[in-house]
Amino acid sequence: MSVIRGPLSWPKRVGILLALAAIGGTVVLAGGVLTNHTPASSGSPHSGASGLPAHSNQPSGGTAVPDAAPVITPPDPAITKVATWTAEITIPTLSVGRQELHLQIYRNGKQVRDVAVRKGATMTVRNIPLRRGENTFTAAFVGPGGAGPVSTAVTITLDQVAPGLRVSAPADGDVINSPSAEVRGITEAGVAVTVRNASNSAKSEVTAATDGSFQTIIELGPGGNNLTISVVDKVGNTATSSRTVVHGTGKADAQLTLSKDGFRLRRLPATFDVDLLVFDANGQAVDGVAVTFSLSPPGQPTSTYEATTDHGAASWLGITLARDSTEVGTGFVTASITLPDGFVLRKTAPFEVR
């Protein structure tokens with residue numbers, strides 16, 4: 001609107017200028033003519049009243065923040081000894097185009113993966129690193145406008161520590177007179193315990209109790225038995241211990257051996273040695289017992305030799321088998337052992353003269 005009036009006094013002109021400036025008008029004075037230009041309305045009562053942009057749900061760039069959180073499938077089992085994890089992610093309905101989104105995965109609050117969101121209702125993220133102990137994971141979709149809501153947390157534990165194992169019985173080197181041995185010890189609760197006897201291929205299995213204790217029976221074979229006790233926890237961590245035990249006979253015994261048990265008559269005289277080992281009922285060497293060795297060659301009278309055991313051993317060394325009077329046939333060496341309880345144990349070994 002333009003208004004043309006006659007000349008105004010300067011005080012009135014200044015007053016009008018100030019009033020028009022207050023409402024955003026434009027005043028042009030030329031030759032005493034006052035002109036007022038008011039900007040056209042935008043249709044909004046607040047348009048042009050502020051320098052701030054109008055409120056909008058769109059972030060800068062025109063892309064919305066994701067409005068839903070991804071869903072992480074809880075790990076099963078929730079404990080592992082493998083140092084990486086594969087996450088299975090369910091993708092909900094989103095208001096933002098997937099081509100604009102990335103999936104970020106966080107371990108204990110720190111980002112460990114950033115991958116593009118692909119087609120499909122689910123996605124798999126492999127080789128996510130784990131740290132020893134508990135690993136708590138969350139995830140969120142991220143677009144140019146920022147990150148959306150964070151998922152519900154899931155936890156997976158990395159356990160690479162072997163279970164403890166202490167075998168209390170039998171002791172290494174024990175002599176056991178029964179046909180089997182009881183194996184006892186302590187480890188972690190619920191772990192699988194396996195006892196193997198390499199000497200006879202026997203095996204026994206048991207599960208440790210809630211306090212970690214275990215006991216089982218393993219069959220023994222003759223003589224020495226090599227036992228291996230193994231424990232395996234639920235994720236496959238293992239620990240082992242070994243024992244060697246002797247299956248005793250339950251009675252005193254002795255072993256008599258000849259250094260040579262065959263001779264040619266035409267090559268006599270010849271010498272040989274006799275060795276003896278004496279064990280008590282528990283399989284332990286018997287010291288200080290009297291031994292009488294007897295030599296009976298074919299065709300010759302019997303001769304004897306006295307000895308005493310030392311660490312269970314006694315010997316008759318350098319025995320000479322003479323040529324004179326010796327005949328072809330079978331001869332014998334006998335050991336008579338007088339045990340501490342007075343019992344006399346006898347062992348005999350034959351030899352041949354051809």
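Which residue in β14 is the bridge partner of Leu 165? In this predicted model, the residue of β14 that pairs with Leu 165 is Thr 187, and the surroundings of this strand offer a convenient entry to the structure. Strand β12, which spans residues 165-169, is joined to β14 by 4 bridges, and the two strands run antiparallel. Strand β14 itself covers residues 180-187 and also pairs with strand β17 (residues 213-219), again in the antiparallel sense, over 7 bridges. Within that second pairing, Ala 181 is found opposite Ile 218 of β17. The two faces of β14 can be told apart: Ala 181, Val 183, Gly 185 and Thr 187 form the covered face, whereas Ser 180, Glu 182, Arg 184 and Ile 186 form the uncovered one. Thus Thr 187, the partner of Leu 165, and Ala 181, which stands opposite Ile 218, both belong to the covered face of the strand.

The protein chain as a whole contains 1 helix and 27 strands. Of its 354 residues, 34% are buried, and the chain exposes about 20400 Å², of which carbon and sulfur atoms supply 52%. Among the contacts with a separation of 6 or more, 59% are made by residues that lie 24 or more positions apart. The average pLDDT of the chain is 84, and 82% of the residues score at least 70. Over residues 20-62, however, the pLDDT is below 50, although this stretch has 31 contacts in the model beyond near neighbours in sequence. Where pLDDT is low, the predicted coordinates should not be read in detail.

Strand β9, comprising residues 133-143, includes Thr 138. With a relative accessible area of 18%, Thr 138 falls under the 20% limit and is therefore buried. When neighbours within four places in sequence are left aside, the contacts of Thr 138 are with Ile 72, Gln 104, Ile 105, Tyr 106, Val 150, Ser 151 and Ala 153.

A further group of strands forms an open sheet of 5 strands, in the order β21-β27-β26-β23-β24 and with mixed pairing. Its edges are occupied by β21 (262-263) and β24 (303-308); each of these has a single partner strand, so one side of each is left without a neighbour in the sheet. Inside this arrangement, strand β23 (residues 290-296) and strand β26 (residues 329-338) are paired in the antiparallel sense over 7 bridges, and Phe 293 stands opposite Ala 335 in β26.

The count of aromatic pairs in the model comes to 7. One of them joins Phe 263 and Phe 351 in an edge-to-face arrangement, with 5.9 Å from centre to centre and 90° between the planes. Because Phe 263 lies in strand β21 and Phe 351 in strand β27 (residues 344-353), this pair ties together parts that are 88 residues apart in sequence. Both rings belong to buried residues, the relative accessible area being 2% for Phe 263 and 1% for Phe 351. Another pair, between Tyr 305 and Trp 316, is stacked, with 5.3 Å centre to centre and 10° between the planes. Here Tyr 305 lies in strand β24 and Trp 316 in strand β25 (residues 313-321), so that the parts tied together are 11 residues apart in sequence. Tyr 305 is partly exposed, with a relative accessible area of 35%, whereas Trp 316 is buried at 10%. In addition, Phe 263 and Phe 351 form one aromatic cluster together with Phe 272.

Two of these cluster members, Phe 272 and Phe 351, reappear in the largest nonpolar core. This core has 29 residues, and those with the most contacts inside it are Phe 272, Val 274, Leu 276, Phe 293, Ile 337 and Phe 351. Two or more residues are given to this core by each of β20 (253-258), β22 (270-279), β23, β25, β26 and β27, and β22 contributes the most, with 5 residues. Apart from this core lies another, of 24 residues, which includes Ile 91, Leu 101, Met 123 and Leu 158. In soluble globular proteins, nonpolar side chains tend to be buried together.

Technical notes: Residues numbered from 1 in each chain as written. Predicted model: local features only at pLDDT ≥ 70, side-chain atom pairs only at ≥ 80, totals over all residues. Heavy atoms only, no water. Buried < 20%, exposed > 50% of the residue type's maximum accessible area, 1.4 Å probe, protein only. Contact = heavy atoms within 4.5 Å. Pairing = 2+ DSSP bridges. Areas by Shrake-Rupley, 256 points an atom, 1.4 Å probe, with all protein chains shown as cover. Phe/Tyr/Trp six-rings, centres within 6.5 Å; stacked < 30°, edge-to-face > 60°. Core = buried A, V, L, I, M, F, W, Y, C linked by side-chain atoms within 4.5 Å. pLDDT = per-residue confidence, 0-100.
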